[in-house]
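Here's a quick tour of a protein model. Take a look at the structure first, and then we'll go through what's packed inside.

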Amino acid sequence: TKNGVGFNAELDSEFKGEPTVEIIGEVEDQAYKIVWTEKTSTSYKATITSYAEDGYSTDYTLYITRAKSANNNLAALQVVDLPADGETLTIYPVEFNAETTEYTVYLPCTAQTLPDVVVNPQSVYATANITVADSKATITVTAENGETKDYVVNFVKEKSNIATLKS
């Protein structure tokens, strides 16, 4: 066995899964073995042993890294209301764009509670936290690298258009 050299490779920051390695030997039917010695969400390390026909082998070390994702955008934002009595689901129109960070949703004047905000981050490595206070929902999206972005949904009750007296 001879000691080989190390090789470095980088994956896209949004790469998900386990990387695959394609080995191309000096000769067409060269044998090799890959042993993964480290696997995390941002780094992989493998020892690749290449075998010669005469019994000698050479070990190579492959280091693969994936930078932490900086994607703190939402892929989708919906505002929905399912009444407690299980009647009709109401979906409030929101023209969502990942670059737009503030929205206004108009609620009927009879609304007693705020609707639910449902979100989906663009990156599988991002998280979203929703807090609701004072007729507004704030969605904080945190990228894997810790960078945050806030989206705000303001809820405004429409004014009543009833101008008649009961008695």
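Let's start in the middle: the largest nonpolar core has 19 residues. Those with the most contacts inside that core are Leu77, Val79, Val105, Val117, Ile139, Val153 and Phe155. Keep in mind that this is a predicted model.

**The cores**
- Five strands each give two or more residues to the largest core: E5 (74-81), E7 (102-107), E8 (116-121), E10 (136-142) and E11 (148-157).
- Apart from this core lies another one, made of five residues, including Tyr44, Ile48, Leu62 and Ile64.

**A look at Val79**
- Which residues does Val79 touch, leaving aside its neighbours within four places in sequence? Val79 is in contact with Thr90, Ile91, Tyr92, Val94, Val105, Pro115, Asp116, Val117, Val153 and Phe155.

**The largest pocket**
- The largest pocket has a volume of about 420 Å³.
- It's lined by 20 residues, and the closest to its centre are Ile23, Ile24, Ile48, Ser50 and Tyr60.
- Strands E1 (2-11), E2 (31-39), E3 (43-51) and E4 (57-66) each give two or more residues to the lining.
- Which element gives the largest share of the lining? That's E4, with four residues.
- Sort the lining residues by type and you get twelve nonpolar, five polar and three charged.
- Ile48 turns up twice in this tour: Ile48 belongs to the five-residue core, and Ile48 is also one of the residues closest to the pocket's centre.

**How confident is the prediction?**
- The protein chain has a mean pLDDT of 90, with 95% of its residues at 70 or more.
- Among the elements, strand E1 has the lowest mean pLDDT (82), while strand E10 has the highest (98).

Conventions:
Residues are numbered from 1 along each chain as its sequence is written. This is a predicted model: local features need pLDDT of at least 70, side-chain atom pairs count only at pLDDT 80 or more; totals for chains, interfaces and linings use all residues. Side-chain values use heavy atoms; hydrogens and water are left out. pLDDT is the predictor's confidence in each residue, from 0 to 100. On a 1 Å grid over the protein atoms alone, a cavity is a set of points where a 1.4 Å probe fits but cannot get out, and a pocket is an open set with protein on both sides within 12 Å along at least five of seven lines; lining residues have an atom within 4 Å of a point. Grid points are joined across faces, edges and corners, and a volume is the space filled by probe spheres set on the points. Ala, Val, Leu, Ile, Met, Phe, Trp, Tyr, Cys and Pro count as nonpolar, Asp, Glu, Lys and Arg as charged, and the others, Gly among them, as polar. A nonpolar core is a set of buried Ala, Val, Leu, Ile, Met, Phe, Trp, Tyr and Cys residues joined through side-chain atoms within 4.5 Å. Buried means under 20% relative accessible area, exposed over 50%, partly exposed in between (1.4 Å probe, protein chains only). Contact means heavy atoms within 4.5 Å.
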